[in-house]
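Here are a few exercises on how parts of a protein pack together. Have a look at the structure first, then work through the solutions at your own pace.

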Amino acid sequence: MTRNRAIVLARIGVVAGAVVLVEVLCRLGVINPLTLVAPSRMVFDLAGILASGDINRDIAYTATTIATALVLSVVLGIVLGVAVHALPRVRRALDPLLASYYSVPSFIFYPLFVAIFGLNTFPLIVLGMAFAVPAMMMSTMAGLDRIPRVLLKTARVHRLNRWETATRIVLPSATPYLFTGLKLAIAYAFIGVIAGEFIMASAGLGHSIAFAYEGFDNHTMYALMLFVLVVVTVMNMSLHAWEGRLMRRRIRA
Amino acid sequence: MSAALSADVRPARKPREGAFDGVIILVVVLALWQGVHLYAGESAIASPLATLTFLAEFLRTPVFWGHFGATMAAFGYAVAISSVLGVVLGLVLGVRRFAGDVAEPILAGLYSIPKVTLYPMILLIFGLGMSAKVAFGVIHGVVPIVLFTMNAVKNVSPVLLRTARAMRLSQPETIRTVLAPAVLPEMITGLRVGFSLTLLGVLIGEMFASQRGLGFLIVNGINLHNVRMTTGMIVAVIAFALIANGLLLSLDRRFGRTPGGGSRAA
């Protein structure tokens with residue numbers, strides 16, 4: 001316990017130390033303000049931008065795009081995962097494709113998506129899905145693979161029908177893997193959508209950051225970067241905590 | 001007898017089955033591509049045939065090799081830096097448990113943030129050009145290599161480490177002769193992941209702000225309505241990524257299949 005506490009304290013110390021170091025270097029002028037804005041200034045600028053409400057439309061736009069991409073990816077990923085899991089011959093054929101899927105940088109398709117669908121949210125959603133669907137699909141298949149045989153036999157002994165087997169046996173034992181898939185899908189949907197907005201878009205947070213960069217508006221740019229990083233980090237940490245709670249409940253049960 | 005026979009037949013049949021599957025997948029992909037082309041039209045995506053004839057011509061021009069060389073140079077530097085940095089940091093953090101436990105969630109957090117948002121900062125620090133692309137590739141590729149190497153070191157059997165201590169090896173010696181060979185298989189997996197992410201980082205860098213490289217050609221093709229260029233360069237990048245990944249996968253399998261093979265060699 002004391003070791004755990006020491007680790008947490010050291011971790012906070014490392015992060016806080018890094019922030020303070022950057023702050024001091026910025027204040028002393030070692031780091032040029034044209035290169036990096038002091039962290040305290042970023043927070044101040046961000047508070048100003050959020051209070052003025054200038055950025056609300058872009059936040060809403062990006063959030064809607066990410067949410068749409070995420071929901072579609074999770075549903076499609078699970079459906080595809082279950083379907084491919086049920087067809088071993090197809091799965092064997094797809095295996096090499098899935099194994100090398102993430103070695104291809106999917107962003108390169110984004111200009112094509114824009115050319116095909118036009119410059120709106122649609123290519124962004126497709127790009128987010130191109131990133132997130134295979135992760136969700138592979139996690140689903142991994143979860144289905146690892147259902148203990150005994151449980152399925154038990155289901156047959158109890159004469160559970162398909163629906164009961166799915167809800168009482170399959171779903172609970174595949175949950176940890178589905179959760180891993182969900183975590184990846186969230187991270188990937190964020191990366192895909194924001195990167196797409198960054199490269200080519202007419203609205204959204206990624207676009208605002210790129211726009212501020214091109215206009216040499218460092219204060220807005222760093223404030224928005226901070227916003228994105230804080231949102232993503234808070235979300236990852238809460239997902240991590242939620243997963244830990246689920247795991248503990250499983251162990252107790 | 002029949003068991004021996006089937007055992008003999010199996011490995012001979014499998015590659016043919018794999019090749020058959022590969023052909024089917026290729027045909028499906030080409031059909032989908034043609035379908036999208038017919039649906040979206042000539043101005044959005046070039047047909048497979050047009051793209052391949054364009055590629056066959058363009059690959060013979062020095063223009064392509066100039067841009068290809070620019071991407072490869074940035075990618076090469078980025079891979080070299082992230083591999084060395086990642087492996088060294090991973091080994092150190094794996095050996096020093098406390099530092100490793102402190103660093104792991106921080107690294108995992110860095111791994112899942114959308115690093116694209118950091119690109120303007122990289123550009124402001126390094127300026128437009130090669131070094132920014134390399135730096136951006138490195139920040140994508142280095143974290144997974146550190147994480148994989150660190151976890152591999154943590155999972156090394158304690159017996160090996162106790163043996164090293166019994167033999168009074170110094171820490172550098174332990175790392176070189178015991179740890180490095182033992183963690184080689186997982187390290188190669190980490191390098192493969194890092195390799196792909198580094199390529200992604202370099203290409204995003206080229207797509208956002210660059211005047212050279214394959215990523216630039218892809219975006220420039222869209223801006224100039226040169227659809228064949230965009231489609232062709234996408235195919236070229238995919239081909240490169242798949243070939244490189246295939247090589248690394250086979251390396252991965254060779255070391256993964258004979259656990260301890262590395263340590264025997266050492």
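## Exercise 1: Where the chains meet

Together, chain B and chain A bury about 4300 Å², and carbon and sulfur atoms account for 80% of it. Keep in mind as you work that this is a predicted model.

**Task.** Find which three residues of chain B supply the most area buried against chain A.

**Solution.** Start with the residues that take part: 48 from chain B and 50 from chain A are in the contact. On the chain B side, B:Thr117, B:Leu124 and B:Phe208 supply more of the buried area than any other three residues, namely 15% of what chain B buries against chain A.

## Exercise 2: Polar links and the chain B surface

**Task.** Work out how many salt bridges cross the interface of chain B and chain A, and describe the side of chain B that touches chain A by element and by residue class.

**Solution.** Step one: the interface of chain B and chain A holds two salt bridges. One of them joins the side chains of A:Arg3 and B:Asp101, with 3.2 Å from N to O. This counts as a salt bridge because the N to O distance falls within the 4 Å cut-off.

Step two: five residue pairs are in polar contact across the interface of chain B and chain A, both residues being at pLDDT 80 or more.

Step three: helices H1 (2-40), H4 (97-112), H5 (119-126), H8 (171-208), H9 (214-223) and H10 (227-257) of chain B each give two or more residues to the side that touches chain A. H10(B) has the largest share, with nine residues.

Step four: sorted by class, the residues on this side of chain B are 36 nonpolar, seven polar and five charged.

## Exercise 3: Inside chain B

**Task.** Describe how domain 1 of chain B meets domain 2 of chain B.

**Solution.** First, place the domains: domain 1 of chain B covers 1-40 and domain 2 covers 44-265. Their centres, taken over C-alpha atoms, lie 29 Å apart.

Next, count the contacts: six residues of domain 1 of chain B touch eight residues of domain 2 of chain B. The two domains bury about 590 Å² between them, with 76% from carbon and sulfur atoms. In domain 1 of chain B, B:Trp33, B:His37 and B:Ala40 lose the most area to domain 2, together 76% of what that side buries.

Finally, check the polar links: there are zero salt bridges between domain 1 and domain 2 of chain B, but three residue pairs are in polar contact, both residues at pLDDT 80 or more. The side of domain 1 of chain B that touches domain 2 has four nonpolar, two polar and no charged residues.

Terms used: Residues are numbered from 1 along each chain as its sequence is written. Chains are lettered from A and ligands numbered from 1 in the order in which they are written. This is a predicted model: local features need pLDDT of at least 70, side-chain atom pairs count only at pLDDT 80 or more; totals for chains, interfaces and linings use all residues. Side-chain values use heavy atoms; hydrogens and water are left out. Domain bounds come from an automatic or database domain assignment. Contact means heavy atoms within 4.5 Å. Buried area is the accessible area (1.4 Å probe) that two parts lose on being put together, summed over both. A polar contact is a pair of N or O atoms within 3.5 Å; within protein, one must be able to donate a hydrogen and the other to accept it, and residues adjacent in sequence count only if both atoms are side-chain atoms. Ala, Val, Leu, Ile, Met, Phe, Trp, Tyr, Cys and Pro count as nonpolar, Asp, Glu, Lys and Arg as charged, and the others, Gly among them, as polar. Helices (H or I, at least four residues) and strands (E, at least two) are DSSP runs, numbered from the N terminus.
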